[in-house]
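Here is a friendly set of notes to read alongside the structure. Please keep the view open and turn it as you go.

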Amino acid sequence: MGISNPLISIIIPFRNREKYIQRSLASFRRIKYRPIELIFVDNASEDKSREFVEHFLHDIVGKGVATILLTEPTIGACKARNCGLHAAHGDFVYFFDDDDEISADFLDDALPYLHNNDIVAAPTLMIFPTGVAKVRYTSFSDRVRDQILTGMLSTQSMLLRKSALISAGEWNEKLPKWNDWELGVRLLKKGLKTTWLKKSYHRIHQHPDSLTGPSLGTTYPLLQPALFAVSSLPLTSSERRALAAKELILSRELEKAGEKQQSSAIKTRNLKLYPSLFLLSCYLRLIDRGAWRFYRTFWL
């Protein structure tokens with residue numbers, strides 16, 4: 001591999017992941033791209049996670065791999081990610097979670113597109129507890145309204161030019177959930193040049209302890225700060241309508257979770273703002289699945 005390849009900093013916060021992190025560490029050994037900088041951020045771990053990371057770093061150092069181990073005592077994924085970002089030496093940064101498996105060839109496949117883009121993105125492969133694998137949907141788009149509706153830009157799906165991320169405001173440390181969704185909106189609002197790889201990469205494991213977490217119905221209060229943050233951005237009318245559609249879809253999830261009063265309030269508010277979304281509301285009641293596809297067909 002040529003010496004002109006840009007340094008890519010991979011930032012991995014971890015907290016109490018001794019059950020999963022060795023699986024992730026094994027996947028980092030398989031990365032082909034060089035040079036890379038692995039930045040691990042211990043986010044106040046109380047188990048053996050740090051011990052596993054220290055052993056891994058001692059073993060992998062050299063051969064085009066630089067390593068950094070940091071400590072961020074304030075608990076929070078975004079706080080830890082920004083800690084790693086501030087220490088990164090690479091022109092490009094890539095964030096990964098501590099319980100998933102990185103693809104060996106993602107960085108190599110992204111390399112031809114780095115010079116002319118601020119974001120190189122790709123779909124990810126979701127692994128469910130049953131072992132079923134499913135490619136996460138993406139519209140292969142750089143439109144803000146698509147990010148609002150589908151959350152196509154997620155933590156592990158985007159390789160970022162560091163200067164562009166810093167210019168966009170870094171990770172929002174006030175958001176406990178959907179912080180990557182909100183960041184994706186901000187990045188695209190900046191008009192950053194984006195390209196999508198069509199192949200799916202990485203194995204993103206879904207389990208009760210994962211950052212993606214349990215059902216939306218049980219975590220809605222943690223999503224509200226992200227929804228408010230996006231609503232506070234200078235969105236266009238079509239982007240605000242997409243946000244209303246997103247909330248309608250969420251209201252259906254809340255209804256199925258038994259939160260009927262909260263669901264009704266969200267539905268009433270958004271239909272009052274956008275009466276044309278009544279058809280989407282009916283679709284959610286009758287069919288439910290594929291609501292985002294239905295919305296994109298008739299309103300985008």
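1. Let's begin with one residue pair: Val93 has Leu160 as its bridge partner in β8. That pair belongs to a ladder of 3 bridges between strand β4 (residues 92-95) and strand β8 (residues 158-161), which run antiparallel. Helix α7 (residues 179-189) packs on the sheet here, where it touches β5 (119-121), β8 and β9. The direction of α7 makes about 45 degrees with that of β8. Please keep in mind throughout that this is a predicted model.

2. Now step back to the whole sheet around that pair. Its 7 strands follow the order β3-β2-β1-β4-β8-β5-β9, and the sheet is open, with mixed pairing. At the edges you will find β3 (65-71) and β9 (194-196), each of which pairs on one side only. On average, neighbouring strands in this sheet are turned by 20 degrees against each other, direction ignored.

3. There is another open sheet to look at, with 3 strands in the order β7-β6-β10 and mixed pairing. Here β7 and β10 are the edge strands with a single partner each, so one side of each has no neighbour in the sheet. The average turn between neighbouring strands of this sheet is 30 degrees, direction ignored.

4. Strand β6 (residues 124-127) deserves a closer look. How is β6 joined to strand β10 (residues 201-205)? The two run parallel, and 4 bridges join them. Within that pairing, Met126 has Ile204 as its bridge partner, while Ile127 is partnered by His205. With strand β7 (residues 133-135), β6 pairs in the antiparallel sense over 3 bridges, and here Leu125 has Val135 as its partner. The hairpin of β6 and β7 has 5 residues between the strands, and among them Gly131 takes a positive phi near 95 degrees.

5. Are the faces of β6 covered or open? As background, side chains in a regular strand alternate between the two faces of the sheet. In β6, Thr124 and Met126 are on one side and Leu125 and Ile127 on the other, and all of these are buried, which leaves both faces covered.

6. Next, please find helix α1 (residues 21-28). Its buried residues are Ile21, Ser24, Leu25, Ser27 and Phe28. These sit on the same side of α1, because they cover an arc of only 160 degrees around the axis. The general pattern is that an α-helix has 3.6 residues a turn, so residues three or four places apart point the same way. What do the buried residues of α1 pack against? Their partners are β1 (8-14), β2 (36-42) and α2 (49-60).

7. The loop between β1 and α1 holds Arg17. Despite its charged side chain, is Arg17 buried or exposed? Its relative accessibility is 9%, so Arg17 counts as buried. Arg17 and Asp47 are 30 residues apart in sequence, with a C-alpha to C-alpha separation of 7.6 Å in space.

8. Aromatic side chains are worth a tour too, as the structure holds 12 aromatic pairs. In one of them, the ring centres of Phe40 and Phe56 are 5.9 Å apart and the planes stand at 70 degrees, so this pair is edge-to-face. Phe40 lies in strand β2 and Phe56 in helix α2, so the pair ties together parts 16 residues apart in sequence. Both Phe40 and Phe56 are buried. They also belong to one aromatic cluster, together with Phe14, Phe28, Tyr94, Phe96, Phe106 and Tyr201.

9. Do look at two places where a charge meets a ring. Arg81 lies over the face of Trp171, at 4.4 Å from the ring centre. Lys198 has its charged end over the ring of Phe140, 5.1 Å from the centre of that ring.

10. Finally, turn to helix α11 (residues 278-286), where Leu280, Ser281, Tyr283 and Leu284 are buried. The arc they cover around the axis is only 160 degrees, which puts them on the same side of α11. Their cover includes α9 (237-256), α10 (260-273) and α12 (291-299). On the face turned away from the buried side, Phe278 and Leu286 are exposed. Just after α11, Asp288 takes a positive phi of about 75 degrees.

Definitions and conventions. Residues numbered from 1 in each chain as written. Predicted model: local features only at pLDDT ≥ 70, side-chain atom pairs only at ≥ 80, totals over all residues. Heavy atoms only, no water. Buried < 20%, exposed > 50% of the residue type's maximum accessible area, 1.4 Å probe, protein only. Pairing = 2+ DSSP bridges. Axes fitted to C-alpha atoms, helices over the stretch in contact; angles between N-to-C directions. Contact = heavy atoms within 4.5 Å. Arc of directions from axis to C-beta. Phe/Tyr/Trp six-rings, centres within 6.5 Å; stacked < 30°, edge-to-face > 60°. Lys NZ or Arg CZ within 6 Å of the ring centre and 35° of its normal.
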